[in-house]
Amino acid sequence: MNIHICTDHGLIPPYAIMLMLSFAAGLVLQFLLNIRGGIKRNIAAYSILLAMPMSIFFALLLTYISTGGKAFGISSIGGAAGMYGSALTMAAISRRRESFGVMLRSCTLSLPLMYSISKIGCLLGGCCRGVDYSGVMCVEYSGERMGHLCAFPVQIAESAAFFAIFIMGMMMYLRRSRSAVPAVFLLSAGAKFILDFLRVSHTGKVISLNQLLCAAAAAVCVAVIVLRERKSRGFAERAYN
């Protein structure tokens, strides 16, 4: 069974609709998690107002820089950087040290949900498509914009993978697991790295910019975990002595 999608859409493309839905779902969740974490309502609300423009700005900026100024497009990694930037900005404005951890946690837990929803928009719009593939469950695109072609359903795989990461992360969070944030972050970076091999944009490349950025982000996360563990052990040893 194949999936047929016509990319000749009306006035409002489905990609724009799903992108807005992803922001709505992610930012509402982020707001609720911030409130639950003790962030003041006004700070949590301002964080939502700042997150969307910063996310879109960095999403466009990364694509512009990576193409040498030749193209504009929405980069998911740039968008995630903008979300983290808005969280850090509002945490700094709040002048409470604990706000940094709470707002970064809320951002990390909400991002997989946002990405999962947005990839449905990519599927319907035909962007970020998979490698050429005509087997079972291939996506058959048609329409004046793309012509007729068959591709691997990488957007569906990405959407399913990140929704599973979101559910797992929320379950760990509700169980008060300290590993929820690093687990979600590392799994997201790993899933993005692996699934990027299945995109048509990866054809002819050994490793893509997205994969390099994912590897760098994962390395930073692991370094932070190691440093925190060493710091915790140091405090424990001094307390014991």
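**Close-up views of a predicted model**

**View 1. Arg-129 and Asp-132 pair through their side chains.** Asp-132 counts as exposed, at 59% relative accessibility. Exposed means over 50% relative accessible area, buried under 20%, partly exposed in between (1.4 Å probe, protein chains only). The model is predicted: local features need pLDDT of at least 70, side-chain atom pairs pLDDT 80 or more, while totals for chains, interfaces and linings use all residues. Numbering starts from 1 along each chain as its sequence is written, and side-chain values use heavy atoms, without hydrogens or water. Arg-129 is the partner of Asp-132 in a salt bridge, with the closest N and O atoms 3.2 Å apart. A salt bridge here is a Lys or Arg side-chain nitrogen within 4 Å of an Asp or Glu carboxyl oxygen. Arg-129 has a relative accessible area of 17% and is therefore buried. The pair thus joins a buried arginine to an exposed aspartate. Five salt bridges are counted by this rule.

**View 2. Glu-158 and Lys-119 form a salt bridge.** The N to O distance is 3.5 Å. The two residues belong to distant parts of the chain, 39 residues apart. Glu-158 sits in helix α5 (residues 154–174). Lys-119 sits in helix α4 (residues 97–125). Helices are DSSP runs of H or I, at least four residues; strands are runs of E, at least two; both are numbered from the N terminus. Glu-158 is buried, because its relative accessibility is 1%. Lys-119, with a relative accessible area of 2%, is buried too.

**View 3. Arg-199 and Asp-196 meet in a salt bridge that is part of a network.** The closest N and O atoms of this pair are 3.9 Å apart. Arg-199 is buried at 7% relative accessibility. Asp-196 is buried with a relative accessible area of 2%. Through shared partners, salt bridges join Asp-196 and Arg-199 with Lys-119 and Glu-158 in one network.

**View 4. Strand β2 pairs with β1 and with β3.** Strands pair if DSSP finds at least two bridges between them. Strand β1 (residues 3–6) runs parallel to strand β2 (residues 139–142), over four bridges. Ile-5 has Tyr-141 of β2 as its bridge partner. Strand β3 (residues 149–151) is antiparallel to β2, over three bridges. Here Glu-140 is matched with Cys-150 of β3. Six residues lie between the strands of the β2 and β3 hairpin. In this hairpin, Gly-143 takes a positive phi near 125°.

**View 5. Gln-211 is buried in helix α7.** The helix spans residues 209–240. Gln-211 counts as buried because its relative accessibility is 0%. Its side chain reaches the backbone oxygen of Phe-193 at 2.9 Å. A polar atom of the Gln-211 side chain also lies 2.9 Å from the backbone nitrogen of Ser-208. Beyond neighbours within four places in sequence, Gln-211 is in contact (heavy atoms within 4.5 Å) with Phe-193, Asp-196, Phe-197, His-202 and Val-206. One of these, Asp-196, is also the salt-bridge partner of Arg-199 in View 3.

**View 6. Ile-12 lies in a loop.** The loop runs between β1 and α1 (14–36). Ile-12 has 56% relative accessibility and so counts as exposed.

Methods
A polar contact is a pair of N or O atoms within 3.5 Å; within protein, one must be able to donate a hydrogen and the other to accept it, and residues adjacent in sequence count only if both atoms are side-chain atoms.
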